[in-house]
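Got your viewer open and a selection box ready? Load the model below and follow along, one selection at a time.

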Amino acid sequence: GLLVLKQIKGMELDELAYTMRLEKAETLYLNGQAEEAANSYEQLLQEAKSIEQKLELINLQVVLYTNVGKQNQSVKLGLKALAEHGIRMPEEPSSVNILMAYLDVKRKIGRRDTQQLYELPIMEDAYRSQIMNLMMSVAISAYFVNPNLYVLFMLNMTKLALKYGNSPAMAYVYGSYGLILGSGFGDYQKGYEYGQFSSRMNDRF
């Protein structure tokens, strides 16, 4: 019994140490010491003991690189991390890649309207939620680096929502999907519907 208690106490101390070091890294970033913060994130990443910690740290790195104007580095880091979790996307998608992804999303939505998509279950799986958060962060960088990659992110995130449920990120993604439908494929009526739907989703979360 004493050994178990010691193990639990050790785990709690490890978690506390991790939290304190993470907060220190975030303070460095907020104080404009981006390079020092990036180094701290990288060191924490090397020592991270769980998938959740690793995804959290990679997401923080992606956001940091985006905000200091290193969008290319942000995209490369994010795509590499996502590939390690089974989500593989080309760094420079072609028009064919976009068309195939669009047709796949359209097929998966089928006859469902936006109300039915609104009623999808909430994504409660912590791992899936972190993957979606990471995808959203990388997509923001992709917007500045390669518009096709940004569009592919929006389409792939829509597919994941259809499979695993809605998450807060989808309030933004559904709106972007509406823009893709209108500007990209000429379906302005559907695009408008998804724009309205995005607003409802934003209120929901």
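This tour goes from one helix to its partners, then to a single serine and a last helix.

Keep in mind that you're looking at a predicted model.

**Stop 1: select 126-145.** This is helix H7. Its 20 residues should span 28 Å at 1.5 Å a residue, and the end C-alpha atoms sit 29 Å apart, which agrees. Now colour by burial: the buried residues include Ser-129, Gln-130, Ile-131 and Met-132, and further along you'll find Ser-137, Val-138, Ala-139, Ser-141 and Ala-142 among them. What covers them? Helices H3 (51-67), H4 (71-84), H8 and H9 are included in the cover.

**Stop 2: add 147-164.** That brings in helix H8, whose axis lies 7 Å from that of H7, at an angle of about 160°. An angle over 145 degrees counts as roughly antiparallel, so that is how H7 runs relative to H8. The crossing of this pair is left-handed. To see the contact, show side chains: H7 brings in Met-132, Met-135, Met-136 and Tyr-143, among others, while H8 answers with residues including Tyr-150, Phe-153, Met-154, Met-157 and Leu-160.

**Stop 3: swap H8 for 51-67.** Here's helix H3. Its axis is 9 Å from that of H7, and the angle is about 15°, so H3 is roughly parallel to H7. H3 also passes H7 in a left-handed crossing. On the H3 side, look for Leu-55, Ile-58, Val-62 and Val-63, among others; on the H7 side, the contact includes Ile-131, Leu-134, Ser-137 and Ile-140.

**Stop 4: pick Ser-176.** You've landed in helix H9. Is Ser-176 buried or exposed? Its relative accessible area is 6%, so Ser-176 is buried. Ignore neighbours within four places in sequence, and Ser-176 is in contact with Tyr-150 and Met-154. Both of those also take part in H8's contact with H7.

**Stop 5: select 188-204.** Helix H10 has 17 residues and reaches 24 Å between its first and last C-alpha, close to the 24 Å expected. Highlight Gly-191, Tyr-194, Phe-197, Ser-198 and Met-201, the buried residues of H10. Look down the axis: the buried residues fall within an arc of 120°, so they line one face of H10. What do they pack against? Helices H5 (95-109), H6 (114-118) and H9 (170-184). Finally, spin to the face turned away from the buried side, where Tyr-188, Gln-189, Tyr-192 and Asp-203 are exposed.

Conventions
Residues are numbered from 1 along each chain as its sequence is written. This is a predicted model: local features need pLDDT of at least 70, side-chain atom pairs count only at pLDDT 80 or more; totals for chains, interfaces and linings use all residues. Side-chain values use heavy atoms; hydrogens and water are left out. Helices (H or I, at least four residues) and strands (E, at least two) are DSSP runs, numbered from the N terminus. The expected span of a helix is 1.5 Å times one less than its number of residues. Buried means under 20% relative accessible area, exposed over 50%, partly exposed in between (1.4 Å probe, protein chains only). The arc is that of the directions from the helix axis to the C-beta atoms. Contact means heavy atoms within 4.5 Å. Axes are lines fitted to C-alpha atoms, for helices over the stretch in contact, and angles run from 0 to 180 degrees between N-to-C directions. Angles under 35 degrees count as roughly parallel, over 145 as roughly antiparallel, 65 to 115 as roughly perpendicular and the rest as oblique. A crossing is left-handed if the near helix is turned anticlockwise from the far one by less than a right angle, and right-handed if clockwise.
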